[in-house]
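Trainee: Could we go through the charged side chains of this model together?
Mentor: Gladly, let us open it up.

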Amino acid sequence: MNNCTENNLPSSAKRECESKYPSYNMPLAYFFTIGMAFFITCIILVYSMSKSFGQSFRIDKSHGMLAMKAFCSWDFKVVKKSSVKLMSENIYTQLKELLAEVNQRHNKNTALQKLWRLMVHSLAWTICIAGTTGCVIAIYFCSDYVHKQRAGNVSSGSLLKEARLLALPVLVSLINLLLPGLFNLATWMEEYNSPSVRTYVAISRNLMLKVSVLGVLCYHWLSRVAYNSDSDIYIKTSSQCWESFVGQELYRFLIIDFIFTLLNTLFGELLWRIFSDKVLKHKRRPGFDIAKNVLDLIYGQTLAWLGVLFTPLLPAVQVLKLLLLFYIKMSSVMMNCQAPRRPYRVSQMTTIFITLLCFPSFLGASVCVTYTMWSINPSESCGPFRGHKTMFQAGKHWIEELEKENPHLSLLARAHTYLVENPFFLFVGAAIALIVIYFHSQVVDGQRKIITLLQEQIENVRLSPV
């Protein structure tokens, strides 16, 4: 028990007593809490992804999938009229997808048709890449202008300052809202016969947009805002805390993205449904764009993972945002949207979602957070890591102090040097995770082949004469 706080002790005795008891190390606790949070999240994602791969291989690669959908899909416990209608439409679209994929295998295009499709696909991809490049350049110059105004014009009014700070989040949210419409137009030009290929192409293009936008934003936050050079205009004064500014930026992006999602649900779905029913007098309602919404979820989750280092409460705000969006989107889908003409398999979409959540999203956020801890100088006037050259040195200084007090702990210092300071072990851990996923997928693929062989044996036994 620590009795150093007793009032009857003299000051010299208090200092001697306090030196015997280790104090709470805030930088170290912060560092290892973030590390454990990312480690536990990585384990959960790897397990979920391997499990989802197994379900996808077992179900979607089965040769009897068409028969299963035709004879085993109906749930006789469903009695509500609206639910029965939704289930019948869902089964219809799934059967249509399966039949389209079966027919696609038998269709053979001529050389001229193949050349025409290649030209159309090239034009569509050129449009999408050009649109993404233009948006990324716009974000780059907008972020540069906003940062220069913030660094050079400190005497402007508070309202004008806040408006300038909101310019970049509004621009990014507008791009995330409008550019997927251009991608859908390009997909409409291509006229894919396979619904699965159409879905993968749409996800790839939206993923290209999200990754490019987040890459420019990370460059803006980690190279401009956190820049520390006396010869540059982006000098960081002693009264500024760049970690707090990045955290505030992440809050702005999350809130503005939520507002734009609500506006899209209101004006893009509700008003279109009212206009279609009242003016156009037909029931052609908008479809729910699963590819865009999946990437929007991953975009918001990536911002939350980036905010773990700068604003630890940001993931809680993201959870609240997702809960609200779930009920809002569910109500909008039931009231304003029609069943998609492009069917989606649930297990495939779950596998794609978890895979994208793990590799581009979580891995990218982990690299940015690791780079920030290992390479960028913390603020000198605020934050738990002030006084250190890098955030990572908090643990190194603690190990050195322990080694000075107790030379027998030199083994712990060497273990910290090799396991924590050396990034080789970080890559080894990532490689082990990838190997586990690979072997699990190979085991599942072997099970699928065995199931296929057993199905063929059953078919041969049924056809063989008694």
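The questions below deal with salt bridges and surface charge.

Mentor: A word on the ground rules: this is a predicted model, where local features need pLDDT of at least 70, side-chain atom pairs count only at pLDDT 80 or more, and totals for chains, interfaces and linings use all residues. Residues are numbered from 1 along each chain as its sequence is written, and side-chain values use heavy atoms, with hydrogens and water left out.

Trainee: How many salt bridges does the structure hold?
Mentor: The term stands for a side-chain nitrogen of Lys or Arg within 4 Å of a carboxyl oxygen of Asp or Glu. By that rule, the number of salt bridges in the structure is seven.

Trainee: Which helices does the salt bridge between Asp 144 and Arg 224 link?
Mentor: The N to O distance for these side chains is 3.9 Å. Helices are DSSP runs of H or I with at least four residues, numbered from the N terminus. The partners are 80 residues apart, with Asp 144 in helix 5 (residues 111–152) and Arg 224 in helix 7 (residues 195–225).

Trainee: Which residue joins Asp 144 and Arg 224 in a network of salt bridges?
Mentor: The network links three names, two of which you already gave. The remaining one is Lys 148.

Trainee: Is Arg 205, the salt-bridge partner of Glu 190, buried or exposed?
Mentor: The closest N and O atoms of this pair are 2.8 Å apart. Glu 190 lies in helix 6 (residues 158–190) and Arg 205 in helix 7, so the bridge ties together parts 15 residues apart in sequence. Buried means under 20% relative accessible area, exposed over 50%, and partly exposed in between (1.4 Å probe, protein chains only). Because its relative accessibility is 0%, Arg 205 counts as buried.

Trainee: What is the relative accessibility of Lys 321, which meets Asp 257 in a salt bridge?
Mentor: Their N to O distance is 2.7 Å, and the pair links helix 8 (residues 242–280) with helix 10 (residues 314–336), 64 residues apart. Asp 257 is buried, with a relative accessible area of 8%. Lys 321 counts as buried too, at 6%.

Trainee: Is Glu 405 buried or exposed?
Mentor: Glu 405 is found in helix 12 (residues 393–405). Its relative accessible area is 64%, so Glu 405 is exposed.

Methods
Helices (H or I, at least four residues) and strands (E, at least two) are DSSP runs, numbered from the N terminus.
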